[in-house]
Amino acid sequence: MSDPTDKPQGNMYEVVFPVPDVTGSEGHLTLVIALSGYADAGNAVSESASFLLDALEHRPLVNFSIDELIDYRSRRPAVTMNRDQIVDVSDLNLSLNVVRDNVGKPFLLLSGPEPDMRWEAFSTAVADLAERYDVGRTVSLYSAPMTVPHTRPLGIIAHGTDKRKLSDMHTWGNRVTVPGAASLNIEYELASRGCDAFGFTAQVPHYVAASEYPLASLRLLQEVAKLAKLELPLEALEKESARVAELLNTQTNDSGEVSQLVNLLEEQYDQEVQRRQELETSPLLGPNGEMPSADEIGAEFEKFLASQPLRPVEDSSSLDAEAETPANADSSATTSEDADAHSEEPESTSADDKSAEFSADETAEQPESEQPREEQAESEESGEPEKPRRRRGWKPWFRF
């Protein structure tokens, strides 16, 4: 492991002396990455970093070389002129700070403009610093414009290496491809070294993406505090978010066109929420529409079989008797003609006579060509009554 006090890879960064104290954490440090310039709708990422540095105690640990990483033509610093003189040139600052929360717990914050060049070397340098200062978890902040209304809760899309920490959050679900970023490169490098890497993306209404939207910064920092167990002073952001929300509601009500757009976005949002709820409660699909594995399907099938009551096995003799009975036979549904016919029968009729009559009726209903000749001959020779046959069209009560 390289010593960060050295000047690695072309004077990319320098460590500030004296080195600030990073002790006081019960476990591994958390590294928060908030690089502006990419996926920063509503200025949520840059404002999150500025808020942490303004509200909390911090000290610089590492300063990165702007000349090595930034293309000034794509990110021109502001210059202030007074009459005929240049009085101020803004500084571009890309640094790693040690920040302490309300109770003094330290964490690291990498903030500033996203590098324009040398992403691979920059990612390697940040990963080396993370190992040097015992970073166990990184959280990258992003903010993207989405077709969502400001009148609904602002959503956060999460991704990360530890799915257990994301169980109660929305993820991308399906496979997606997004433009690369220096923060994503750092995540990939740290994950390959065994460090937990997470990313949170705020869903900012697209019609306010070019303006400051403090609610997005608030939601990002709330998720950071929850994941890293940090105590952050977010009351000021909450008040500012409420003020901006009230201003947006006023502007929406004053414009029929904007109000119509917001109503349409609300309908789409509500439909999407309902779809997600159906997916989360579906026994066939997992959260976010993920297909279950073969083992999960097998386990669910075993649960279904175990929940079914056992059916008693019926006596085989009763099944045989029921199979011999025509399906349309019903002793309680006899017609009046049948009742009269039975009443005229002499009571002394024997069972052999009844069998013979039944056999004769069955034989009469079938054409002679369809009656088996061998059975007829055997019946005539033996003198025994012919066994009753099943009626044509008779079907058993069960099917396969």
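The legends below describe close-up views of a predicted model.

**View 1. The protein chain as a whole, with its helices and strands.**
In this predicted model, the secondary structure of the protein chain comes to 13 helices and 11 strands. Buried residues make up 34% of the 400 residues in the chain, and the chain exposes about 25,600 Å², of which carbon and sulfur atoms supply 50%. Among contacts between residues at least 6 apart in sequence, 78% join residues at least 24 apart.

**View 2. An open sheet built from 9 strands.**
The strands of this sheet follow the order β1-β3-β6-β7-β2-β8-β11-β9-β10, and their pairing is mixed. The edges are taken by β1 (13-15) and β10 (170-171), each of which has a single partner strand, so one side of each is left without a neighbour in the sheet.

**View 3. Strand β7 and the strands that pair with it, β2 and β6.**
All of strand β7 (residues 106-113) is buried, 8 of 8 residues, so the strand is largely enclosed by the rest of the structure. With strand β2 (residues 29-36), β7 pairs in the parallel sense over 6 bridges, and L31 stands opposite L108 in β7. With strand β6 (residues 95-100), β7 runs antiparallel and is joined by 6 bridges, and the bridge partner of N97 in β7 is L109. The hairpin of β6 and β7 has 5 residues between the strands, and within this hairpin G104 takes a positive phi near 90°.

**View 4. Strand β8 and the surroundings of S143.**
S143 has its place in strand β8 (residues 135-146), and this residue counts as buried because its relative accessibility is 1%, where buried means under 20%. When neighbours within four places in sequence are left aside, S143 is in contact with A39, D40, A41, A44, V45, T201, A202, V204 and A216. Strand β8 also pairs in the parallel sense with strand β11 (residues 196-205), over 10 bridges, and A144 stands opposite Q203 in β11.

**View 5. A nonpolar surface patch made by V79, M81, I86 and V89.**
The area of this patch is about 390 Å², and the strands β4 (79-82) and β5 (85-89) each supply at least two of its residues. V79 is in strand β4 and counts as partly exposed at 46% relative accessibility, while V89 is in strand β5 and counts as partly exposed at 43% relative accessibility. Although V79 and V89 are 10 residues apart in sequence, they are 4.5 Å apart in space, C-alpha to C-alpha. Not counting residues up to four places away in sequence, V79 touches I86, D88 and V89.

**View 6. The aromatic rings of Y13, F64 and F122.**
How many aromatic pairs does a search of the whole structure find? The search finds 2, and one pair, formed by F64 and F122, is edge-to-face, with 5.1 Å centre to centre and 65° between the planes. F64 lies in strand β3 (residues 57-64) and F122 in helix α4 (residues 119-132), so the pair ties together parts that are 58 residues apart in sequence. Both F64 and F122 are buried, and ring pairs link these two residues with Y13 into a cluster.

**View 7. Salt bridges within the chain, including those of D116, D270 and E223.**
The structure holds 13 salt bridges. In one of them, D116 is joined to R75, with the closest N and O atoms 3.1 Å apart. D116 lies in the loop between β7 and α4 and R75 in the loop between α3 (66-69) and β4, so the pair ties together parts that are 41 residues apart in sequence.

A salt bridge also joins D270 to R152, and here the closest N and O atoms are 3.1 Å apart. This pair links distant parts of the chain, with D270 in helix α8 (residues 256-281) and R152 in the loop between β8 and β9 (156-160), 118 residues apart. D270 is partly exposed, with a relative accessible area of 36%, and R152 counts as partly exposed at 25%.

E223 and R219 form a salt bridge whose closest N and O atoms are 3.3 Å apart. Because they are 4 residues apart in helix α6 (residues 214-228), E223 and R219 are separated by about one helical turn. E223 is buried, with a relative accessible area of 11%, and R219 counts as buried at 19% relative accessibility. Elsewhere, D128, E131, E189 and R193 are linked in a network of salt bridges.

Conventions: Residues numbered from 1 in each chain as written. Predicted model: local features only at pLDDT ≥ 70, side-chain atom pairs only at ≥ 80, totals over all residues. Heavy atoms only, no water. Buried < 20%, exposed > 50% of the residue type's maximum accessible area, 1.4 Å probe, protein only. Pairing = 2+ DSSP bridges. Contact = heavy atoms within 4.5 Å. Patch = residues over 30% accessible without salt bridge, like charges linked within 9 Å, V, L, I, M, F, W, Y side chains within 5 Å. Areas by Shrake-Rupley, 256 points an atom, 1.4 Å probe, with all protein chains shown as cover. Salt bridge = Lys/Arg side-chain N within 4 Å of Asp/Glu carboxyl O. Phe/Tyr/Trp six-rings, centres within 6.5 Å; stacked < 30°, edge-to-face > 60°.
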